[in-house]
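Colleague: Could you take a close look at one part of this model for me? I'd like to hear about the domains of the first chain, and above all about how they pack.

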Amino acid sequence: MAQTTLKVGTKHSNESYILGEIVAQILEDGGFKIERKFNLGGTAISFEALKKGSIDVYPEYSGTIAAEILKQKSTNLDSLNQKLKTQFQLEISAPFGFNNTYALALSPDLARKYPLKTITDLAAHPEWRAGLSYEFLKREDGWGNLSKAYQLTLKATGLEHGIAYQALMNHEIELTDAYSTDGEIAKYGFTLLEDNLHFFPKYEALALYRSALPEKAKNLLEKLGHTLNDTTMQRLNSLALFEKQTHQKIAQDFLAAQKMIQNKPVESISTMQDILNHIFTHLKLTLLSLIAAILVAVPFGILLHRFPRFSKPLLYLTGILQTIPSIALLALMIPFLGIGVLPAIVALFLYALLPILRNTVIGFSSIDPTLKKIATAIGLNPLQKLWHVELPLAMPMILTGIRTAAVINVGTATLAAFIGAGGLGEFIVTGLALNQTELILRGAIPSALLAIGIELCFEIIDKLLIPKHLRQKI
Amino acid sequence: MIKKQVIELQNIAQRYGEKEVLSNINLSFSTNCITALLGKSGSGKSTLLQLINGMVKPSIGKVRVFGNDFDYTKAAQLRLQMGYVVQQVGLFPHMNLYDNICLLGKITKMPLESIQKRFDFLLNMVQLPHSYIQKYPYELSGGEAQRAGLCRALFLKPSILLMDEPFAALDAETKNNIYQYFLLIQKTEPCTVVLVTHDLKEAETLAGELVWLENGKIIQK
């Protein structure tokens with residue numbers, strides 16, 4: 001019988017990667033073929049992807065399901081399961097056994113200086129700076145309602161979770177949100193403030209999956225119930241953060257120790273091969289979207305230049321597309337296109353449109369009208385005029401637009417990792433989640449080199465297509 | 001014998017809004033002869049020229065070329081049989097000399113060999129050195145560019161040649177020089193030339209017939 005393929009997703013955090021691997025490996029061991037869609041950018045993207053069927057299962061927390069998805073206070077698992085089933089045809093597994101609740105963390109120095117015990121005590125320090133993860137800032141059970149409940153007035157700014165602890169140690173902020181199972185807590189000796197008003201719901205980790213999942217897979221996920229506790233999870237988290245073990249290995253060692261899977265050698269590919277694979281995906285995303293944008297924007301720009309009345313409004317419209325933050329545009333795509341390569345290419349395509357469209361219109365508008373008139377007067381028909389005179393004269397401007405679009409796309413494509421499209425962004429996003437500079441650079445350096453490489457390619461294309469005296473001097 | 005007229009303008013009036021640029025124009029041009037249209041700027045002579053190749057449609061009246069009413073749906077086809085030379089020359093800046101001169105040959109899908117032959121012949125006629133083939137228009141002097149423009153206009157051996165102040169931007173010596181090339185070509189490959197100019201001396205040197213325009217009317221033939 002052919003193997004059923006299941007798609008396992010995870011959000012972009014260290015713990016999610018480990019839980020995702022555990023889920024993936026137990027299913028793999030049970031005979032399923034697994035596609036990993038790790039690094040999804042937050043609850044919204046993961047949940048949309050699950051609803052859409054772009055993934056079949058991902059690790060989630062009961063508190064998040066209650067507050068973010070069902071918009072309710074109760075975290076009672078039976079009630080959550082019932083509602084998920086009827087509203088979304090989704091189900092949850094038994095909880096893995098630990099409660100990774102939100103907490104507010106202080107650095108050890110600060111905790112020594114000020115004997116704070118509870119979140120209520122924070123009210124005495126309105127001058128402190130809080131650096132909070134973006135998700136925490138926005139969540140129902142996040143900063144907004146928390147600061148109301150505790151009547152806190154201190155100022156909060158957004159910060160990527162992976163670097164917040166570093167900022168805390170460097171005294172750049174006084175306070176950050178933490179997950180109670182974060183590996184850093186024990187390592188750096190952070191003090192967690194007690195949630196004395198019981199504001200935070202319970203965050204029991206579990207698997208959230210589609211009801212359509214095969215029974216066999218559901219049973220395998222059920223086996224993970226109550227196999228972890230807070231301490232074990234902290235330990236697994238710190239193995240990745242401080243021992244630099246791969247998530248794959250951590251999950252495998254854990255499952256093998258629980259006698260839940262057979263231990264087998266972890267297949268690994270060389271770092272170099274890994275980087276090359278990611279570069280290849282990155283190039284694929286960039287080039288396909290660029291080619292599509294050229295094929296649409298150049299003819300459209302030519303048409304637009306003939307109807308100046310429409311060109312302004314349309315350029316404004318594409319300009320607005322450009323101002324949508326890339327991560328938001330990517331998230332907007334999910335209900336229509338799911339996650340993965342296709343929506344990433346569509347989003348990059350939309351970003352590439354404006355520079356090419358605008359430069360095509362400008363390129364055509366700036367052709368000397370005398371030359372256009374002469375082309376007609378000597379007997380060229382409109383198509384011949386376009387091909388032999390207008391297009392070549394507008395070419396330097398068009399190429400500059402394409403070049404701008406290409407460089408923007410190489411950069412923006414790193415964000416495609418958030419919707420599981422892969423590419424060099426995967427290193428960067430994982431590196432940020434783990435606060436590993438080396439991993440961040442593994443993505444950032446090749447993508448910078450790609451940008452330079454693309455510039456060089458365009459130099460060559462310029463030389464081939466445009467006589468020297470007509471080239472754009474930048 | 002009545003010679004068939006290549007170009008006839010019948011009862012033409014041309015208005016732009018309220019402004020009447022040409023009125024009551026009845027004119028035919030003698031075949032294979034050079035006719036100069038003389039007049040001050042604003043007299044309507046350039047408009048008259050552009051009526052002939054259909055760049056301007058008359059408000060009233062009829063333009064006939066090659067014995068038929070001008071068919072504006074086939075304007076591009078008709079214009080291929082009418083060479084066109086203007087003061088600004090209008091060589092295409094992205095094409096070298098060869099590509100500029102041979103453009104119409106390529107567009108009409110002339111065999112490469114014939115293109116090369118025609119190119120050599122014309123270049124020789126106006127005495128442009130062969131080493132110029134790769135040069136771009138910006139590398140040519142005014143006189144050289146205008147000679148190249150002439151070659152482009154004559155490439156398809158047109159039966160009509162329309163010229164709008166073609167030599168106005170050139171200095172006296174260059175002008176005299178180019179007149180010689182022009183007359184030589186006209187002798188070798190005669191065609192019906194309409195030359196718009198404000199320079200009486202030029203008209204007398206080149207043209208067989210003179211037509212004077214003032215305020216949009218023909219005042220003297």
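Modeller: Sure, here's a walk through the domains, the contact side and the cores, with two odd backbone spots at the end.

Keep in mind that this is a predicted model. Chain A is assigned three domains: domain 1 (5-99 + 202-257), domain 2 (102-193) and domain 3 (271-470). The C-alpha centres of domain 1 of chain A and domain 2 of chain A sit 26 Å apart. Where these two touch, domain 1 of chain A puts in 17 residues and domain 2 of chain A puts in 14 residues.

Now for the domain 1 side of that contact. Four helices of chain A, α1 (14-29), α2 (42-52), α3 (62-69) and α11 (230-242), each give at least two residues to the side of domain 1 that touches domain 2. The largest share there is from α11(A), with seven residues. By character, this side of domain 1 of chain A is made up of five nonpolar, eight polar and four charged residues.

On to the nonpolar cores. The largest one has 167 residues, and the members touching the most others are A:Val23, A:Val57, A:Leu208, A:Leu330, A:Ile356, A:Ile419 and B:Leu37. Helix α16 (residues 341-365) of chain A brings the largest share of this core, 13 residues. Domain 1 (5-99 + 202-257) and domain 3 (271-470) of chain A each contribute at least three residues to it.

A:Val57 is a handy one to click on. Skip its neighbours within four places in sequence, and A:Val57 is in contact with A:Leu6, A:Val8, A:Val23, A:Ala207, A:Leu208, A:Tyr209 and A:Leu213. There's also a second, separate core of 27 residues, with A:Ala103, A:Ile119, A:Leu159 and A:Leu193 among them.

Last, the two backbone oddities. A:His171 isn't a glycine, yet its phi is positive, near 60°. You'll find A:His171 in the loop between α8 (161-169) and β8 (175-179) of chain A. A:His171 counts as exposed because it has 11 C-beta neighbours inside 10 Å, and the exposed class takes in residues with 12 or fewer.

The other one is over in chain B. B:Phe66, also no glycine, has a positive phi of about 50°, and B:Phe66 belongs to the loop between β4 (60-65) and β5 (68-69) of chain B. With 14 other C-beta atoms within 10 Å, B:Phe66 is partly exposed.

Terms used: Residues are numbered from 1 along each chain as its sequence is written. Chains are lettered from A and ligands numbered from 1 in the order in which they are written. This is a predicted model: local features need pLDDT of at least 70, side-chain atom pairs count only at pLDDT 80 or more; totals for chains, interfaces and linings use all residues. Domain bounds come from an automatic or database domain assignment. Two residues are in contact if their C-beta atoms, placed from the backbone, lie within 7 Å. Ala, Val, Leu, Ile, Met, Phe, Trp, Tyr, Cys and Pro count as nonpolar, Asp, Glu, Lys and Arg as charged, and the others, Gly among them, as polar. A residue is buried if 20 or more other C-beta atoms lie within 10 Å of its own, exposed if 12 or fewer, and partly exposed in between; C-beta atoms are placed from the backbone. A nonpolar core is a set of buried Ala, Val, Leu, Ile, Met, Phe, Trp, Tyr and Cys residues joined through C-beta atoms within 7 Å.
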